[in-house]
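Good morning, colleagues. I shall take you through one model today, beginning with its pockets and then turning to its core and its aromatic pairs. Please keep the display in view as I speak.

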Amino acid sequence: MKAVPLRIQLILVAAGYVAVLAIAALMLFARHMQYVNHPEEVAAASGMYAGGDLILEIFIGCMLLVPTFFLVLVIRNSEALYNGYSLTLLGLSLTAPLCLGVLSIPAVNQGTMLLGWICLDRLFVSPLVVVGLVFSRLLARFDRAKRLTFYALLVEIPTLVFMTALFLFSARAHRG
């Protein structure tokens with residue numbers, strides 16, 4: 001039996017990402033149309049809509065983990081590709097403390113700027129990023145890739161812990 005060439009496998013993984021992004025775009029469009037067609041419901045139950053938005057975001061993040069799983073399986077035997085992937089993961093993990101820092105600026109966290117929403121969304125998916133990083137670290141076969149994914153975890157996990165501590169501290173401060 002002939003093995004499927006690496007190029008074809010990467011094309012299939014890319015097609016998986018395209019399919020997930022297309023489905024996510026359709027889901028976001030449907031959600032937007034729900035906001036547009038029923039503004040009175042949005043105003044009356046804004047917290048419920050915000051919760052639904054968060055669930056949708058988590059669902060899209062989980063959908064993105066599926067082609068990422070297959071990507072890791074495909075590139076697992078190539079040191080150059082896995083090192084590049086690990087470097088990308090490190091770059092992704094560096095966005096977490098950056099977003100936390102940006103959100104600590106009062107003009108951003110108290111306003112309605114798009115940057116604030118992007119940073120908040122990035123921090124909401126931080127637990128999913130940790131899952132992806134742990135999985136990528138477990139499947140890494142090369143020393144440099146293992147080191148890079150470990151560094152990514154060393155950035156992501158303390159940021160998640162610090163963010164949670166800040167949330168709990170600010171909630172306690174507002175309570176009294």
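Let me begin with the pockets. The largest pocket holds about 1,100 Å³ of space. Its lining is made up of 34 residues, and those closest to its centre are Glu 57, Ile 60, Gly 61, Asp 121 and Val 125. I should say at once that this is a predicted model.

Which helix gives the most to the lining of the largest pocket? It is α3, with 11 residues. Helices α1 (6-37), α3, α4, α6 (114-124) and α7 each contribute at least two residues to that lining. By residue type, the lining of the largest pocket divides into 23 nonpolar, six polar and five charged residues.

I turn to the second largest pocket, whose volume is about 710 Å³. It is lined by 21 residues, and nearest its centre lie Leu 103, Leu 120, Leu 123, Met 163 and Phe 167. At least two lining residues come from each of α4, α5 (106-109), α6 and α8 (143-175). Helix α8 has the largest share of this lining, with eight residues. How many residues of this lining are charged? There are no charged residues in the lining of the second largest pocket, which divides otherwise into 14 nonpolar and seven polar.

Let me now place these pockets within the overall architecture. The protein has eight helices and zero strands, so that from the N terminus on the elements read α-α-α-α-α-α-α-α. Its C-alpha atoms fill a box of roughly 60 × 40 × 20 Å along the principal axes. Of the 176 residues in the protein, 32% are buried. Turning to contacts between residues at least 6 apart in sequence, 70% join residues that are at least 24 apart.

The next topic is the nonpolar interior. The largest nonpolar core has 30 residues, and those with the most contacts inside it are Ile 75, Tyr 82, Tyr 85, Leu 123 and Leu 133. Helices α3, α4, α6, α7 and α8 each supply at least two residues of this core. The largest share, nine residues, comes from α4. Leu 123 thus appears both among the residues nearest the centre of the second largest pocket and among those with the most contacts inside the largest core.

What does Ile 75 touch, once residues up to four places away in sequence are set aside? Its partners are Leu 10, Leu 81, Tyr 82 and Tyr 85. There is also a second, separate core of five residues, which includes Ala 24, Leu 56, Ile 60 and Met 63. Ile 60 was named earlier as one of the residues closest to the centre of the largest pocket.

One further residue of helix α4 deserves a word, namely Ser 86. Is Ser 86 buried or exposed? Its relative accessibility is 0%, and because the limit for a buried residue is under 20%, Ser 86 counts as buried. Leaving aside neighbours within four places in sequence, Ser 86 is in contact with Ala 145, Leu 148 and Thr 149.

I come finally to the aromatic pairs, of which there are four. In the pair of Phe 69 and Phe 135, the ring centres lie 5.2 Å apart and the planes meet at 40°. Why is this pair called tilted? Planes under 30 degrees apart would count as stacked and planes over 60 as edge-to-face, so an angle of 40° leaves the pair tilted. This pair links distant parts of the chain, with Phe 69 in helix α3 (residues 46-75) and Phe 135 in helix α7 (residues 126-139), 66 residues apart. Phe 69 has a relative accessible area of 32% and is partly exposed. Phe 135, at 28% relative accessibility, likewise counts as partly exposed.

Tyr 82 and Tyr 85 form an edge-to-face pair, with 5.5 Å from centre to centre and 65° between the planes. Both lie in helix α4 (residues 79-103), three residues apart, which is about one turn of the helix. Tyr 82 and Tyr 85 are both buried. Lastly, ring pairs link Phe 69, Phe 70 and Phe 135 into a cluster.

How values were computed. Residues numbered from 1 in each chain as written. Predicted model: local features only at pLDDT ≥ 70, side-chain atom pairs only at ≥ 80, totals over all residues. Heavy atoms only, no water. Phe/Tyr/Trp six-rings, centres within 6.5 Å; stacked < 30°, edge-to-face > 60°. Helix = DSSP H or I, 4+ residues; strand = E, 2+ residues; numbered from the N terminus. Buried < 20%, exposed > 50% of the residue type's maximum accessible area, 1.4 Å probe, protein only. 1 Å grid on protein atoms, 1.4 Å probe; cavity = no way out; pocket = protein on both sides within 12 Å on 5 of 7 lines; lining within 4 Å. Points joined across faces, edges and corners; volume = space filled by probe spheres on them. Nonpolar A, V, L, I, M, F, W, Y, C, P; charged D, E, K, R; others polar. Core = buried A, V, L, I, M, F, W, Y, C linked by side-chain atoms within 4.5 Å. Contact = heavy atoms within 4.5 Å.
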